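Dear colleague,

Please find below the structure that I am handing over to you. A summary of what was found in its strands and cavities follows.

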Amino acid sequence: MSKLVIVESPAKAKTIKKYLGKDYEVVASMGHVRDLPQARLSVDINNNFNPRYEIIKGKEKLVEELIELSKNSDAVYLATDPDREGEAISWHLAYILNLNLADANRVEFNEITKYGVDNGMSAPRAINLDLVNAQQARRILDRLVGYKLSPFVSQKIRRGLSAGRVQSVAVRIIVDRENEIRNFNPVEYWSIDAKFSPKGSRKVFSAFLYGNQDGKIELTSKEETDKILADLEGAEYRVSKVKTGTRKKSPAPPFITSTLQQEASRKLGFQSRRTMRVAQELYEGIDVDGIGPTGLITYMRTDSLRISTDAMNEAASYIKSTFGDAYLPAKPRHYKSRSNAQDGHEAIRPTSVMLTPDRVKANLTTDQYKLYKLIWERFTASQMADCIQKTTQIDIEANGYIFKANGYRVDFDGFTQLYVESKDEEEAKENSLPAVEKDMLLKLKELTGNQHFTQPPSRFTEASLIKALEEFGIGRPSTYAATISTIVNREYVKRVGKLLHPTELGETMAQLMKERFPKIVNVKFTAQMEQDLDTVEEGSVEWRELLSQFYSDFEKTLKKAKADMDGVKIHLKEDETDIICEKCGQKMVIKVGRFGKFIACPGYPECKNVKRYVENVGVKCPDCGSDVIVRRTKTGKTFYGCASYPKCNFMSWNEPTNEKCPQCGQILFKKKGKKPSLYCAKEGCGYEKK
């Protein structure tokens, strides 16, 4: 007989098996095995919120195999992911396998390496029921909100809608930003910008009008600007002050879940779900030449910036041997986590900094390599010395007016030799300034007055939305990707490039929730709920008590909303079409049924005319001239095909356009990617428009 270790995925099982050897059987549960069934609420509200869990459909055979393996094993270890959800999966497995919850059979692997596995197996513990109950409370909260609210909003707006606890707040945040943009009133302002060069030098640098001897000048009109430009006619420009200094730039800390998703979005163009999928693969194990299956990164669902001493020492050794002593800080860098961090795991880092991206590149997919390189460089740079910059500020005087120029030069590149963090908003660019001295005369190369208008706040990208959710304290590391995917898939939000725009449906939903369920979409209330769930995890609040407090108020609010809106139906403009019902003459509308969208007459039940819903691209088929429409595979992947199918078999994964190829005259297609472009698909043509 052997010892049984149960993990969540086959990839992780393969890697761990290598380290544990022949005395252990390592199998995968394939994620959750028991959950609340989808067909009904499955929570007994009148019986202290007792959940009614069932084996997930399709997993019955797997569960039977796990039970049989458990009976024939000397010991069973539950090694699911080291977080609340993983703890809950272990608890469900213990119930199914009839294991004693007091036994030390739960093990955690922060990294899937020889060290991480040995360390985890050496410290088995009992299942943490506080962690399990925090997860149960979250699951039941979401089930109560979803299953009680969704029928209500479906009845009032459109069939098939869902309302979720965290997703509703995320939609509200996006809608509120859209309203800010709509209500924004731009304010005119002007600047006077100049270009100078020291006399006798070809070096040109930029400066801006700051003010005069009395202080800063704010220009609000062309008249004010033109007056100053007139005052400066024929003026002599003299350096009145040169101020130099030194500044240090420190590296960004290693990644946590939210910052990984943000940076992968900025630098790689990855959506958060894609980032987490690839990170899971890197954590679970990659077959590396000369090493075999090994986890390349530590656990990727974390909010802690803590780093182990061993990892710091290894990074220091690598930095010293690769870059030299000057690139090591005086002492190892420690980063402070946010005050509300759970701090359950280390920050995301490579399991060994010696496994450089180049070393493992041949064994990784393109996505795996890009993300691993990002994680490896960020962590390694976080342990490197500061970048030292020499700063210069120049004041230039002319006819009583003062211009300023700011710039810097790098004295020591430090961590920037390896990695520089991206920003959501562009920082003001600084000049590379020439050497100048006080009282030096400058030659004016250009002087212009420029009109500007204040800009509204930017729409959210995935990266900035995740940052906002984290700052508000909404959701946890494991929820961001799922939340964004849900609101996009439910069509409350649409992606336009990288930006998230609310749809009319999303705005209507947000308005209804704000009016009828203000607490559900209240940012502070939702953040407080996250903190309350943390108190359950800490063992200081009983989870059923938390549910009871929430539900008593929620039930009253729902009952009142139903009474107040009895007989009310909200109609969306985006549901209307230009298709005229040939039976009664009304404009037909888009509806949603069990099998997706369809077009129906609004005169139902008097008129029952329906049509198939077709999303037209507005492009004619290059093969037969019929319309090109959007189609979807059984798994939901979008492609483009001819409306005359099966008579015409034209299809493309990339969207066709009405633009013609200048070389061969065929239509051009949109190529997906970080920088979309147009290309010609005709064999042998090769034309591409950036």
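Two strands are taken to pair if DSSP finds at least two bridges between them. The model is predicted, and the findings below should be read as computed from that model.

**Strand pairing at the start of the chain**

Strand 1 (residues 2–7) pairs with strand 7 (residues 73–78) in the parallel sense, over five bridges. Within this pair, Leu4 has Val76 of strand 7 as its bridge partner. Strand 1 is also joined by five bridges to strand 2 (residues 24–28), and these strands run parallel. In strand 2, Leu4 is partnered by Glu25. To pass from strand 1 to strand 2, the chain goes through helix 1 (residues 10–20), and the resulting β-α-β crossover is right-handed.

**An open sheet further along the chain**

Strands 23, 24, 25 and 26 form an open sheet in the order 23-24-25-26, with antiparallel pairing. Strand 23 (616–620) and strand 26 (651–652) stand at the edges; each has a single partner strand, so one side of each lacks a neighbour in the sheet. Strand 24 (residues 627–632) and strand 25 (residues 638–642) run antiparallel and are joined by five bridges. One of the residue pairings is that of Val630 with Tyr640, the latter lying in strand 25.

**Cavities**

How many cavities of 30 Å³ or more does the structure hold? There are two of them.

The largest cavity has a volume of about 130 Å³. Its lining consists of 15 residues, and those nearest the centre are Asp303, Glu470, Arg476, Pro477 and Tyr480. By class, the lining of the largest cavity comprises five nonpolar, six polar and four charged residues.

The second largest cavity has a volume of about 30 Å³. Arg165, Ile520, Phe525, Thr526, Met529 and Phe550 line this cavity. Helix 16 (residues 523–538) supplies the largest share of that lining, namely three residues. The lining of the second largest cavity divides into four nonpolar residues, one polar and one charged.

For your own inspection, the bridge partners of Leu4 in strand 7 and in strand 2, together with the residues nearest the centre of the largest cavity, may serve as starting points.

With kind regards

Conventions:
Residues are numbered from 1 along each chain as its sequence is written. This is a predicted model: local features need pLDDT of at least 70, side-chain atom pairs count only at pLDDT 80 or more; totals for chains, interfaces and linings use all residues. Side-chain values use heavy atoms; hydrogens and water are left out. Helices (H or I, at least four residues) and strands (E, at least two) are DSSP runs, numbered from the N terminus. A crossover is right-handed if, with the strands pointing away from the viewer, the path from the first strand over the helix to the second runs clockwise. On a 1 Å grid over the protein atoms alone, a cavity is a set of points where a 1.4 Å probe fits but cannot get out, and a pocket is an open set with protein on both sides within 12 Å along at least five of seven lines; lining residues have an atom within 4 Å of a point. Grid points are joined across faces, edges and corners, and a volume is the space filled by probe spheres set on the points. Ala, Val, Leu, Ile, Met, Phe, Trp, Tyr, Cys and Pro count as nonpolar, Asp, Glu, Lys and Arg as charged, and the others, Gly among them, as polar.
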